[in-house]
Each structure stands twice: as structure tokens, then as C-alpha cells.
Amino acid sequence: MRHIVRALRLVTVVLWFAVLLMPATVALSLWQIFEARNNVALEKPNFSMSNGNFSISVPFFINNTGFYDISELFAKIHMYDKNEKIAEFTTEPLNIPAGRMVESSLNVSGNLADMISKDSELLTNSKNLDIGVALHFQVAYILAFNIARNFTYNWGAPFSNLTVDYKPINTTHISFLISFYNNASFPLSGPLKVELFNLQNVSIGPVAQMAQTLDVAPNECYQCSFTFEAAETGIIRLFFADILIIERRWGLHERS
């Protein structure tokens with residue numbers, strides 16, 4: 001019986017020693033990682049957009065030179081226009097075993113309409129956005145840590161300098177010349193739709209809607225004419241991937 005009691009006491013002491021030693025070894029493991037500045041890097045996010053969806057990619061690099069695995073590594077990304085939050089995302093978690101070096105990207109995607117609903121100027125106005133990236137991870141599958149960085153992203157409007165010029169062709173047909181400059185850092189691809197309505201919000205003419213698939217490279221201009229069979233005053237609406245870009249009134253004696 002005495003031997004069993006002694007064994008239990010020894011196990012208890014060892015367990016307590018391990019519990020007390022764990023924070024120290026975790027701290028030493030983190031020191032092993034962060035003592036070299038080039039072991040961890042979090043880079044500026046990149047954007048892309050297609051067919052009404054956009055993606056954010058945050059490049060990162062971690063050289064896990066510590067004793068323990070890094071687990072549940074994920075990033076929370078917040079986007080602000082001045083002090084107003086316009087988007088929030090969480091990436092999928094990753095695991096980085098001890099002794100492994102990982103150079104990859106944390107990727108998220110979202111619906112452009114959701115972001116535009118909070119900041120309708122993003123399609124047509126270039127501006128600086130504030131982006132916060134918080135990296136969360138666990139060491140030894142127990143202790144949690146955070147690393148945060150803030151970035152300023154120069155958002156270029158994909159429909160910069162958008163113009164809609166109205167021109168009557170004859171008594172039955174009218175034309176709209178639509179032009180813009182893709183000031184974004186990514187190609188603009190997706191459907192552009194043009195719709196005409198009268199002042200009672202009813203479609204005009206037998207063909208009151210036209211669409212075209214856009215594929216406009218960064219820093220490239222777009223220009224196209226759309227001709228309709230209509231001759232009365234009305235309203236023109238432009239949509240990109242079913243997101244309203246602009247709505248204007250037109251008429252025989254008006255230019256929009």
C-alpha cells in the first residue's frame with residue numbers, strides 16, 4: 001500500500017511540475033520563433049473581383065523553429081472606410097508542426113453587393129481603406145496568442161470617371177455612350193446591364209434591356225454604345241452583376 005501511495009505522490013509531483021513548466025517552455029518556444037525577425041511575416045492584402053464576388057488574400061510566412069506545434073492559425077480581417085466598418089471576414093484555420101516552415105496565403109471571399117450596401121461609393125470613387133489583420137493561433141494546443149497589423153489599402157474604383165452620354169439618333173431610336181476607367185488593381189470581369197424605364201418605372205420599348213460581359217484590365221478604359229428603340233423621356237440604370245452602379249434621368253432636351 002505504501003508503494004502505491006508513494007507512486008501516486010510521485011505522479012502528482014511530476015504532473016504539477018509539468019503544469020508549472022508548461023508556460024516556461026511555451027514562452028521559450030515562442031522566443032525561438034520570434035527572436036529572428038524574419039521568422040514571421042504578415043504582408044499587405046491583395047484584392048481580386050469577378051462576377052459580383054471579391055477575394056482577399058493575405059500573404060504570410062512562418063518558420064516554426066519552436067518546440068511545439070502551432071495550431072488553429074487563422075486571421076480576422078476587418079475593412080473600414082474611415083470609422084465605418086464595411087466588411088469582416090475570418091479565414092480557415094491552419095496547423096504548422098514544429099520545425100516546419102510555411103509560406104502561403106490566408107484567403108477569404110465575399111459578396112460584392114454586401115460590401116457595396118455599406119459603402120456605395122466603392123464602385124465609382126477611389127479612396128483609402130483601413131484594413132486590420134489579426135492573426136490568432138495556439139501553441140502546444142493550449143495557450144492562445146494574437147498578432148495584429150494595420151494596413152492602408154489604396155482602393156481604386158473599377159468604374160472610375162463613369163459617364164453616360166445620351167444621344168437621339170432619330171425619332172424612334174436613341175443611343176447611350178457609356179465609358180469608364182478601371183482604376184482598380186484587379187481586372188474587372190462580369191456582366192454589365194443597361195436598362196431603360198419611363199418616369200412611371202415601366203420598361204420602355206420592345207427591348208429595354210441590354211447586357212455585355214466586361215473584361216477590363218487594370219488601368220484600362222472602357223467605352224461602348226448601346227442603342228435602344230425609344231424616344232421618350234425616361235430613366236437609365238446601369239448594373240454590374242445585378243448591383244446598381246448609377247441611375248439617371250434622360251430626355252430629348254437633356255444630357256446625362
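Cysteine 221 sits out in the open in this predicted model: its relative accessible area comes to 57%, and it counts as exposed because the cut-off for that class is over 50%. Cysteine 224 falls on the other side of the scale, with a relative accessibility of 17%. That value puts cysteine 224 in the buried class, since buried means under 20%. As for sulfur pairing, the count of disulfides in the structure is 0.

Phenylalanine 74 is next up. This residue is part of strand β4, which runs over residues 70–81. With a relative accessible area of 21%, phenylalanine 74 is partly exposed; the label follows because buried requires a value under 20%. Leaving aside residues up to four places away in sequence, phenylalanine 74 touches Thr90, Thr91, Glu92 and Pro93, along with Ala134, Leu135 and His136. Proline 93, one of these contacts, is 19 residues from phenylalanine 74 in sequence, yet the C-alpha to C-alpha distance between the two is just 4.6 Å.

Over on the surface, Tyr141, Ile142 and Leu143 make up a nonpolar patch of about 300 Å². Leucine 143 is a member of that patch and also belongs to strand β9, which covers residues 143–155. Its relative accessible area is 30%, so leucine 143 goes down as partly exposed, the class between under 20% and over 50%.

Methods
Residues are numbered from 1 along each chain as its sequence is written. This is a predicted model: local features need pLDDT of at least 70, side-chain atom pairs count only at pLDDT 80 or more; totals for chains, interfaces and linings use all residues. Side-chain values use heavy atoms; hydrogens and water are left out. Patches are made of residues with over 30% relative accessible area and no salt bridge: like charges are joined within 9 Å, nonpolar side chains (Val, Leu, Ile, Met, Phe, Trp, Tyr) within 5 Å. Accessible areas come from the Shrake-Rupley method with a 1.4 Å probe; for residues, only the protein chains shown count as cover. A salt bridge is a side-chain nitrogen of Lys or Arg within 4 Å of a carboxyl oxygen of Asp or Glu. Helices (H or I, at least four residues) and strands (E, at least two) are DSSP runs, numbered from the N terminus. Buried means under 20% relative accessible area, exposed over 50%, partly exposed in between (1.4 Å probe, protein chains only). Contact means heavy atoms within 4.5 Å. A disulfide is a pair of cysteine sulfur atoms within 2.5 Å.
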